[in-house]
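Could you walk me through this model in the viewer, one selection at a time? I would like to know what to pick next and what is there.

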Amino acid sequence: QRRVHGEFCSGRRMSGKDKINIFPSRMALTQIKIRLKGAQRGHSLLKKKSDALTLRFRAVLKQIIKNKTLVGEILKEAHFFYSESKFIAGNFGPVVVQNVDKANLKVRSAKENVAGVQLPVFEAYTEGATGFELTGLAKGGQKIRQCSEAWTKAVKLLVELASLQTSFVTLDEVIKITNRRVNAIEHVIIPRIERTIDYISCELDERDREEFFRLKKIQNKKAVAKALREEELAAMGVVVDENPTQALPGEDPDVLF
């Protein structure tokens, strides 16, 4: 009877993969319910994290598309200024190389925290003099400065684009991992815990019904035994008082202390 009821309650026999292997008891049921609340809370937090990262991912993607279009235009302009400068001032490259001993355009890196994810941020900045202020002093100085400014702007934009590309790749990997965790909790862990709760509740209900059935059988046996005893006493001519008021006949004397 218990096996048939168990199959009726659960619909089918669950294997070890369908539920957590645990002894069904009231304490185990309480622990599993606490674990279910923790899983649901973790799922909610990971879902919010995934939404925040996805929002930032789309913003980065939009900025990358914008910067790539802008980089093409700036590089085109920078090459145009370089051709003009070279046409007017001649080959000024060796003069620039001789006057420059260290780079004045540098890149520094930092970290940005987005929903617990550290994203690298690159920033280009200028430090010190360019080292070729007097280049093109005879002719073409203005065009050389315009060329320098255009290429400096192009380099800064390329550094920003590199920062966005790195953030894009990092966010893509983290979003994939977070979504896998969210799906695992939603479709594997929580259903498994819920099936375990159903299994424990079902087993406890079966135990309660078995206990009730056992007590009822004991009462029936006691009633049958009592009826047989009364029949035997009646056959012997003994009258049994159904509601005895005292164990011995007569009145009890008053007892004074």
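Select K19 and Y199 to begin: K19 lies over the face of the Y199 ring, at 4.4 Å from the ring centre. Keep in mind as you go that this is a predicted model.

Now zoom out and colour by secondary structure. The protein has four helices and two strands, and from the N terminus on the elements run α-α-α-β-β-α. If you colour by accessibility instead, buried residues make up 25% of the 257 residues. The protein exposes about 18,800 Å², and carbon and sulfur atoms supply 58% of that area. Switch on contacts as well: among those with a separation of 6 or more, 77% are between residues 24 or more positions apart.

Next, select residues 105–114 and 117–126, which are β1 and β2. These two strands run antiparallel and are joined by 10 bridges. To look at one of the pairings, pick N113, whose bridge partner in β2 is Q118. Together β1 and β2 form a hairpin with two residues between them.

Stay at the turn and click on A115, which sits in the loop between β1 and β2. What is the phi of A115? It is near 55°, a positive value in a residue other than glycine. Is A115 buried, partly exposed or exposed? With a relative accessible area of 38%, A115 is partly exposed, because that value falls between the 20% limit for buried and the 50% limit for exposed.

From A115, move across to L53, which touches it. Not counting residues up to four places away in sequence, L53 also touches V114, V117, L171, V174, I175 and T178.

L53 is a good way into the largest nonpolar core, which has 16 residues. Select L53, V60, I64, V117, L119 and L171 to see the members that touch the most other members. Which elements each supply at least two residues of this core? They are α2 (26–89), β2 and α4 (141–235). The largest share, seven residues, comes from α4. Apart from this core lies another one, of 15 residues; select L29, I185, I200 and L204 to find some of its members.

For the last stop, show the aromatic side chains. How many aromatic pairs does a search of the whole structure find? The search finds one, formed by F57 and F168. Their rings are stacked, at 4.7 Å centre to centre with 25° between the planes. F57 lies in helix α2 and F168 in helix α4, so the pair ties together parts that are 111 residues apart in sequence.

Before you leave the pair, check how each partner is covered. F57 counts as buried, at 16% relative accessibility, whereas F168 counts as partly exposed, at 21%. The two partners fall in separate classes because buried means under 20% relative accessible area.

Notes:
Residues are numbered from 1 along each chain as its sequence is written. This is a predicted model: local features need pLDDT of at least 70, side-chain atom pairs count only at pLDDT 80 or more; totals for chains, interfaces and linings use all residues. Side-chain values use heavy atoms; hydrogens and water are left out. Buried means under 20% relative accessible area, exposed over 50%, partly exposed in between (1.4 Å probe, protein chains only). Two strands pair if DSSP finds at least two bridges between them. A nonpolar core is a set of buried Ala, Val, Leu, Ile, Met, Phe, Trp, Tyr and Cys residues joined through side-chain atoms within 4.5 Å. Contact means heavy atoms within 4.5 Å. Rings of Phe, Tyr and Trp (its six-membered ring) pair if their centres lie within 6.5 Å; planes under 30 degrees apart count as stacked, over 60 as edge-to-face and the rest as tilted. A charge sits over a ring if NZ of Lys or CZ of Arg is within 6 Å of the ring centre and within 35 degrees of the ring normal. Accessible areas come from the Shrake-Rupley method with a 1.4 Å probe; for residues, only the protein chains shown count as cover.
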